[in-house]
Amino acid sequence: MRPISPVVISALLPLPILAKDHTFPSSLKLQEALNHYSVESSSLLKRALLSAGFHPDETLEIDDTYLDFATRALRSEKKRLDRLLEAKKTLQAEAQEQQQCNAETKQCKDPKLSSEFGHFLTPPLQPGQAELLRWDDDHSVVQPYAARVGLPEKLLPTLIDYVDRMGLLDIMKNMLYDDPLPPDGDKWFTFQSPYEEGPIKRNFTWNVERPAKKWKSDMHWFNVADELAHEDSLRALAKGGFDEVLNAIGEQFHLDSLHVDSVGFVAVTNCERGFIHTDWEEVDGRAFNFLIGIQSPEEAGPELVIESGRKGEVYYESNAGVLVGDGTRHGTRECDHRQTRGVRITASIYLADLTENNLKVAAGDTTSIFPPTGDEEWIWAQRGRHWSKDGDRSLVNDLGRKELNVRDEFKDCLKLTQNGECKGNTEERSGCLKTCKVYVHDDEYKPGVSRKEIFGY
Ligand SMILES: *[C@@H]1O[C@H](CO)[C@@H](O)[C@H](O)[C@H]1NC(C)=O
């Protein structure tokens, strides 16, 4: 049986809670049913009064007793309806909540999460708090060097402001649509520091590369391409409070020291198949890639896949970064943002606690154009400059690398590089490190002097 529309009653006594007004199908004899209800309820009232022991005169419809009793009966019927409506509302809210949220963990299910992937616990983190990544079902650790780290509030705005003022943000947002590289292609940019003051600003270089076709993605990697660009990006990290992140990582993994080895950004609009890989292996658990989501298209789902036995998908959060370290297999989550001209941009920050054991592997990294692959001298000169377990070192009070004998290996570098050979992954560039300004000469670099003084921010 269908419920009688409460509108009938609310005409007599306004209901505080109104049920949704149904429109009943016209095939039903609604008016007849209401008439029937009305007749039956007046005789029901009479019978109720008689059974209570009232005098038959008092059951006449004009009698005060009848009217009083009828009003009371109606009031209590109205209360019953109110309770029913309230109970129904609660049930609906609970059902809705159960669909999206787990009452115990307070984690709500996101319709963009795929059942093909495992998922991780993502408890809220304080800035500078690191936690190993764990599976959300059995709470087991995913991999010994995969973690989430809470970000200082100013980190993301500082990094975005930095690449914006340099002109890089605009390029990253538009290049993949307007002027994409072919697979295996590269391009070089000259920028100036947003932090440098004075009339003459130094130039430094960034480059962008697109990986080979087998990556099945239009991913473009933007990276610092010389030491001046590298040093300048370190000032942005210092300004953004990245010391808190370094400290969290150093303590979590019981490291001795850390330095930031390279800074870059990955931009992608379309990724058919994530290429699962490791950034570091056999580094004694002392080299990492820290990933920070810079921007994501609004409708985007999870962005990163981490694999350890099974694949799990995870978002980059605005207040936490994802750390992948020694042997952590990971890759980009399949994505396609081309409908909305969306671009996903992620910062990738390489870190290392350098030891004699892992020096060769750390120096041999081929991911980025800078630092040049295999230059053990340069990377050793960076050792421990940004964090130490005794708390002496930091990005904010960075004194720079150790001395470096910057020299050209080739003769005639001026001639060899006059047609732009410095701006390319060329033999001339690696043979003419001084002429190509891949490194900053110590006369200008001034090792041991506060970087704040040399570069500002
Ligand atoms: C920076 O590059 C521009 C354009 O190539 C050049 O005109 C300028 O002199 C350079 N600045 C310095 C300080 O070298």
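The chain averages a pLDDT of 89, and 92% of the residues score at least 70. Two stretches fall below 50: residues 1–12, with 16 contacts beyond near neighbours in sequence, and residues 14–18, with 11 such contacts. This is a predicted model. The points below cover the ligand shell, one helix, an open sheet of 4 strands, and strand β17 with its partners β9 and β11.

**Ligand shell**
- T190, I200, R202 and N203 are the residues around the ligand.
- By class, this shell holds 1 nonpolar, 2 polar and 1 charged residue.

**Q192 and its surroundings**
- Q192 sits in strand β6, which covers residues 186–192.
- Q192 has 16 other C-beta atoms within 10 Å, so it counts as partly exposed.
- Leaving out residues up to four places away in sequence, Q192 touches K201, R202 and N203.
- Of these, R202 and N203 also belong to the residues around the ligand.
- N319 is 127 residues from Q192 in sequence. In space, the two C-alpha atoms are 29 Å apart.

**Helix α6**
- Helix α6 runs over residues 227–239, which makes 13 residues.
- At 1.5 Å a residue, α6 should span 18 Å. Its end C-alpha atoms are 19 Å apart, which agrees.
- Burial covers 13 of the 13 residues of α6, so the helix is largely enclosed by the rest of the structure.
- G241 comes just after α6 and takes a positive phi of about 85°.

**Open sheet β3-β13-β12-β15**
- The 4 strands of this sheet follow the order β3-β13-β12-β15, with mixed pairing.
- The edges are β3 (118–119) and β15 (329–332). Each has a single partner strand, so one side of each is left without a neighbour in the sheet.
- β3 pairs with β13 (residues 310–314) in the parallel sense, over 2 bridges.
- In that pairing, H119 has E313 of β13 as its bridge partner.
- β12 (residues 304–308) and β13 run antiparallel and are joined by 5 bridges.
- One β12–β13 bridge partner pair is I306 and G312.
- β12 and β13 form a hairpin with 1 residue between them. In the turn, G309 has a positive phi of about 85°.

**Strand β17 and its partners**
- Strand β17 covers residues 344–352. Burial covers 9 of the 9 residues, so β17 is largely enclosed by the rest of the structure.
- Which residues of β17 point one way, and which the other? R344, T346, S348, Y350 and A352 point one way; I345, A347, I349 and L351 point the other way. All of them are buried.
- β9 (residues 257–268) runs antiparallel to β17, with 9 bridges joining the two.
- In the pairing with β9, A347 of β17 stands opposite F265.
- β11 (residues 287–295) also runs antiparallel to β17, through 8 bridges.
- In the pairing with β11, S348 of β17 stands opposite L291.
- A347 and S348 belong to the two sets that point opposite ways from β17.

Note on methods:
Residues numbered from 1 in each chain as written. Predicted model: local features only at pLDDT ≥ 70, side-chain atom pairs only at ≥ 80, totals over all residues. Near = placed C-beta within 6 Å. Nonpolar A, V, L, I, M, F, W, Y, C, P; charged D, E, K, R; others polar. pLDDT = per-residue confidence, 0-100. Contact = placed C-beta atoms within 7 Å. Expected span 1.5 Å × (residues − 1). Buried ≥ 20, exposed ≤ 12 C-beta atoms within 10 Å, placed from the backbone. Pairing = 2+ DSSP bridges.
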